[in-house]
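Trainee: May we go through this structure together? I would like to start with the core and then move on to other topics.
Mentor: Certainly; please ask as we go.
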4 protein chains.
Amino acid sequence: MKNTIGNCFTVTLFGESHGKAIGCVLDGVPSGIEVDEAFIAAQMEKRKGISSISTARREADEVKILSGVFENRTTGTPVCFMIENADTKSKDYSLTKDLARPGHADYTAEMRYGGFQDYRGGGHFSGRITAPLVAAGALAISMLKSKGIEIGTHISSMGEIKDRDFENYAEDIKALEGLSMPVLCEKARAEMLAYIESARAEGDSVGGTLATVVTGMPAGVGEPWFDSVEGMLSHGLFSIPGIKGVSFGRGFGLAAMKGSEANDEFRIKDGTVTAVTNNNGGINGGITNGMPLEFTLAVKPTPSIYKKQNTVNFKTMENADLEIKGRHDPAIIHRARVVADSVTALTLCDLLIMRFGTQFFGK
Amino acid sequence: MKNTIGNCFTVTLFGESHGKAIGCVLDGVPSGIEVDEAFIAAQMEKRKGISSISTARREADEVKILSGVFENRTTGTPVCFMIENADTKSKDYSLTKDLARPGHADYTAEMRYGGFQDYRGGGHFSGRITAPLVAAGALAISMLKSKGIEIGTHISSMGEIKDRDFENYAEDIKALEGLSMPVLCEKARAEMLAYIESARAEGDSVGGTLATVVTGMPAGVGEPWFDSVEGMLSHGLFSIPGIKGVSFGRGFGLAAMKGSEANDEFRIKDGTVTAVTNNNGGINGGITNGMPLEFTLAVKPTPSIYKKQNTVNFKTMENADLEIKGRHDPAIIHRARVVADSVTALTLCDLLIMRFGTQFFGK
Amino acid sequence: MKNTIGNCFTVTLFGESHGKAIGCVLDGVPSGIEVDEAFIAAQMEKRKGISSISTARREADEVKILSGVFENRTTGTPVCFMIENADTKSKDYSLTKDLARPGHADYTAEMRYGGFQDYRGGGHFSGRITAPLVAAGALAISMLKSKGIEIGTHISSMGEIKDRDFENYAEDIKALEGLSMPVLCEKARAEMLAYIESARAEGDSVGGTLATVVTGMPAGVGEPWFDSVEGMLSHGLFSIPGIKGVSFGRGFGLAAMKGSEANDEFRIKDGTVTAVTNNNGGINGGITNGMPLEFTLAVKPTPSIYKKQNTVNFKTMENADLEIKGRHDPAIIHRARVVADSVTALTLCDLLIMRFGTQFFGK
Amino acid sequence: MKNTIGNCFTVTLFGESHGKAIGCVLDGVPSGIEVDEAFIAAQMEKRKGISSISTARREADEVKILSGVFENRTTGTPVCFMIENADTKSKDYSLTKDLARPGHADYTAEMRYGGFQDYRGGGHFSGRITAPLVAAGALAISMLKSKGIEIGTHISSMGEIKDRDFENYAEDIKALEGLSMPVLCEKARAEMLAYIESARAEGDSVGGTLATVVTGMPAGVGEPWFDSVEGMLSHGLFSIPGIKGVSFGRGFGLAAMKGSEANDEFRIKDGTVTAVTNNNGGINGGITNGMPLEFTLAVKPTPSIYKKQNTVNFKTMENADLEIKGRHDPAIIHRARVVADSVTALTLCDLLIMRFGTQFFGK
């Protein structure tokens, strides 16, 4: 349903970049969940990115919880997270509002909304709208943690630079939590930062890949048709601005393998069924098999660049030149990481509640 | 909702490999759509694959339309497609039913359904359940064609073998329609067939990638958040057994590009807004921009192989050996192509109806 | 979603009166539920009504379960119930198909489907389409019974004739199960049968009210806003052909009461919270309070009568006379009772699964 | 889905009586709809009721539109309506919070949310939560008016006092718009006001019935199964606190009629198909027939009364006495009228968009 996602645990998103406020409503929340406002604030802060890269718009991003929480615990009724827009400079858009920024949604917004869209700062398409997803996601992350389910994401590649793979999940996840630039190998991290810096110097931008692992998911969650773990996660993850690919386990690498290589053999280990390899990313037939979930996201480079670009004026239907000014990040992948973890957590809570009811999380 | 997909044009799937019948219910169908039973039959035939590869189970797969069609046109009420299972050999499953076939859903089904699943031939997880999707998809493909929207998919890679890219969309799509082994380059096609044959000889199997193009989609279709074209398509496509990756436009290739390379510049061409490149696959901000939709799927190798594999008996919780016997295909990617086109068509019809109402297709 | 109802336990209905088959798909079913085919058959038989009244269309109404049941238990995957249409007399509809039968949906179907509807025997609007609801409902009734939840419905009034109220719920429910004419007071039952007979003699028809009680529902089921017990039940019940009113507890009677009379006071009884009266029908704030659910349905008289009626031809847009011929019941209220119980059971299973997960019913 | 209603045009509700704010998110809104903030404010004012009756809580109820509106028109993205709670007296609830007020949801909230509900002022169950529904409904009413669709509701009965029936729809609807006590007959209005006053004097409360008419609805809107006009409207209307009965056309009166009386004969009038009577309330087979929609609601008396009542303490599980203090209305039916019109408008917009797409309303 358009701006709502989820079956039993749903998020409804609202807001525009330069409107009064942005926010979301989380429904289907179990009652009695402790709300850790400090953790929400910490996630909001992490989403803002590294100040050396993201010199851009600085908002306080104070999350107000308007409903559904009483005496610091969820009541079981809808939780509305709201963030007021403060820094909405009354910039003059008259010269650029009809120019389609390449890689952006200006032209498609015009075609979808017939000229009535709020064009200021990308409006409803702005990356800023991910802020309430991060707020709601923080609650979902807490819910999962309380059941021993942990999520970790690193930048697995950027340009030609590769991060090392996960080695010890628990340690790596812990390390990533503390990093605003989530790269496991220190050397790769420094190289990526330099790569971003050089792109900025050229007025250009960079993308990359994000690799996520989720540990502690019980087996038997997900549905064989349509509401598979892959289908549900990808539906949410592709909403994140800039995500253009989602793959599970070895993903596109599986396409070049033989069945005898790709199949994950099973063995009994410590009394439980365990897959010896995890090429399928913890999912068979759309359902978790108890192994860590593993997936990878392709993040395209930020479309806002300072180089001159060819485009059109979609009102006059004439060719035009575009030179974007103002505040823009040469990289958003480290910020997209926080959003990806949030959407992952929200989706997994939904799948767990679909399978086990709200009781899974307590009351 | 579990076995239902779609917002306004929905498919509800049912059936098990060795049950009485499989089928699906298509709801939200505009009234007055002509039903081309010969085209449905042709798609069903194409889904069966190439006889030289797929020596496997041969079913007549006669599609019965139980409802929603009158005097050869849709009535606007739910269309139930049903296919009776005929060739359900009363094989003895007693030795293997508790062994988790690697890469299959036997173990996850046990964890999901608590031992009550129909284990015969993969039950509800069987690739056979895609047959009704192809029947419903054939109707959706006809609906799209009537509005000038065409879908073409080829096997873009298999092992180290690459097919050529699309050159002339209209001609290539037309060529692919006639091919049961959908490879554009004749040489690559022969190599892929030989590659499959050699895998078969070893008792092994192969995967590959599928590349799809959709021409004729109007601009302005899709939603910015959650029900983006990417989110909706991936949700459906990941349901297809064996699909482990979905990417749009240049997909994972975008991750290594700079913004200045990745952005698709716009120009006015023949009086319409046109993107000069199509790195974003015809989608900006989740909404179609009028360019061809382009996406790629990773298809893992068929998990059923004849080589001996390590596994477990999930009832006795002991390690076990497995040697699969019976009928299995060394490749299903050319068959998955038909399913992918069907799911694509069903999803695009849904998105078009969400945007323009059922009137888009006539009544 | 049009022909689907339910949130977590959903029914998707298909079929036309004179098509190949009618049926429904039940999804979200817990696995491991025993399927009592004899009970399903008994409910189907009860739905056919009393032969002395319903001399009409006689179908075998053999329910085929196409999927989702294995070794007599639900597998947890969608259950498709199908009933083939046998007695579809190739009657000539050419004279009447464009005449709007008063009280029927012929004209609205024309407006909704633009002339493509299957007009034979009422098509998708036929009361016959309730047969699959009764089949699915029988499974839901069994599920509820296994948890001590029982449903009983009687004809509380017809014309000026009133049945007595429920006295002993358990005994009355048991008595009603055995009755094809569900009237508690024997004298009222005889009077109602005579009243129906006299209407038939005049070529006319009768309606009435149905009063339902559900015992054993746990407290705490339902949602405050929108998915209240009243909202969910009424949504389903108004789908039953001929239902034009739904009220809970004292219903319209509450409108004339004072708050001091209408409020149900609470007392502790046998260690549990108990309402001293049940004017609110077991529901406060949309949520069950542990008292019996009580509601009443208004059933309009069967619109098919033999008297000559004024109408129009909606193709020629001219006034016309109509004399309906063929097989029609002077009363369907005793048959609607079976459908009402089925829809009630399906909805309550959905509400219970929303609240407690599928585990409420076992696995 | 719990706190969301609608298929294509959806409302998601949030908030508690004494929380920070209450509100709702309206999604699926066509773009380009003019927003009449004065009309929204007028509806909010009307919802507050007559000051002589409702001496109760007085809030400014200033509606803030946080998103989805730009330059006074809808953008096509979600519209969030928010109302801050100002007058949330820090009353001491410690003595009464575990006492189940008869007719209220205190006990069912405890059973549903396990003790974590916000009990202050009824929390999420408070009638106050209807305020955002009225705000969103005002937009829906404007949308309908722009297409010539008008809604009028009067108090058709209270105690033994009856209002006259609708006579001239257009005039009566117009008259009702101007009335805070919506009774057509002046004498009946005065009697009802006196009746309320006498109930107040006794510390008691009154209910009544509301009768609604909707003119201008096109024929062919609604679905035969499940999403019938009756099913959709009743689902929403039963969410309104105090509504315990919904009936269409002659409603429960139909139960005592013969088919020959109940059937609405058709005639051609001014070139269109017209029903001579409107016993079916403008709906046949769940679909509008072009006649005015007519339905009636049973509103129970306000459960908050000042008389001493028997109840229980659901924490100590002991019997208790209750004497409610504080601010309460002896009648809310005239306020419920505004909510009923709002829910009706929201539901009809959904049904119209389901049938004709968002284009029905312009863009």
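Trainee: How many residues are in the largest nonpolar core, and which have the most contacts inside it?
Mentor: This is a predicted model. Its largest nonpolar core has 332 residues. Those with the most contacts inside that core are A:Phe81, B:Phe81, C:Phe81 and D:Phe81.

Trainee: Which residues is A:Phe81 in contact with, leaving aside its neighbours within four places in sequence?
Mentor: The list includes A:Phe14, A:Ile22, A:Leu26, A:Ile40, A:Val63 and A:Ile65. A:Ala135, A:Ala136 and A:Leu139 are also among the contacts of A:Phe81, as is A:Cys24.

Trainee: On cysteines, how many disulfides are there over all chains?
Mentor: The count is 0 over all chains. A:Cys24, for instance, is in no disulfide, and the nearest cysteine sulfur, that of A:Cys80, is 7.2 Å away. A disulfide would need the two sulfur atoms within 2.5 Å.

Trainee: Is A:Cys24 buried or exposed?
Mentor: A:Cys24 has a relative accessible area of 0%, so this residue counts as buried.

Trainee: And A:Cys349, where is its nearest cysteine sulfur?
Mentor: That sulfur belongs to A:Cys8 and is 12 Å away; A:Cys349 is in no disulfide. A:Cys349 is buried, with a relative accessible area of 0%.

Trainee: New topic: what rotation superposes chain B on chain C?
Mentor: A rotation of 180°, with 0.0 Å of shift along its axis, does so with an RMSD of 0.0 Å. That is the relation of a two-fold axis. The same surface serves both copies, as 100% of the contact residues of chain B recur in chain C.

Trainee: What turn lays chain B on chain A?
Mentor: A turn of 180° with a shift of 0.0 Å along the axis, giving an RMSD of 0.0 Å. Here too the same surface serves both copies: 99% of the contact residues of chain B recur in chain A.

Trainee: Now the strands. What is the order of the open sheet of 10 strands?
Mentor: The order is β9(A)-β8(A)-β10(A)-β16(A)-β11(A)-β11(B)-β16(B)-β10(B)-β8(B)-β9(B), and the pairing is antiparallel. The edge strands are β9 (161-162) of chain A and β9 (161-162) of chain B, each of which pairs on one side only.

Trainee: How many bridges join β11 to β16 in chain A?
Mentor: There are 5 bridges between β11 (residues 243-248) and β16 (residues 293-299) of chain A, and the two strands run antiparallel. A:Val246, for example, has A:Leu297 in β16(A) as its bridge partner.

Trainee: Which helix lies across β11 of chain A?
Mentor: Helix α6 (residues 229-237) of chain B does; this helix also lies across β11 and β16 of chain B, running at about 160° to β11(B).

Trainee: What about α6 in chain C: how many of its residues are buried?
Mentor: In α6 of chain C, 9 of the 9 residues are buried, so the helix is largely enclosed by the rest of the structure. Among them are C:Met232, C:Leu233 and C:His235.

Trainee: Is C:Glu171 buried or exposed?
Mentor: C:Glu171 counts as exposed, at 56% relative accessibility. Its place is in helix α4 (residues 169-177) of chain C.

Trainee: Last one: how many residues lie between β12(B) and β13(B) in their hairpin?
Mentor: There are 2 residues between them, and B:Asp270 in the turn has a positive phi of about 50°. The two strands run antiparallel and are joined by 4 bridges. In β13(B), B:Val273 is the bridge partner of B:Ile268.

Note on methods
Residues numbered from 1 in each chain as written. Chains lettered and ligands numbered in written order. Predicted model: local features only at pLDDT ≥ 70, side-chain atom pairs only at ≥ 80, totals over all residues. Heavy atoms only, no water. Core = buried A, V, L, I, M, F, W, Y, C linked by side-chain atoms within 4.5 Å. Buried < 20%, exposed > 50% of the residue type's maximum accessible area, 1.4 Å probe, protein only. Contact = heavy atoms within 4.5 Å. Least-squares fit on C-alpha atoms with pLDDT ≥ 70 in both. Pairing = 2+ DSSP bridges. Axes fitted to C-alpha atoms, helices over the stretch in contact; angles between N-to-C directions.
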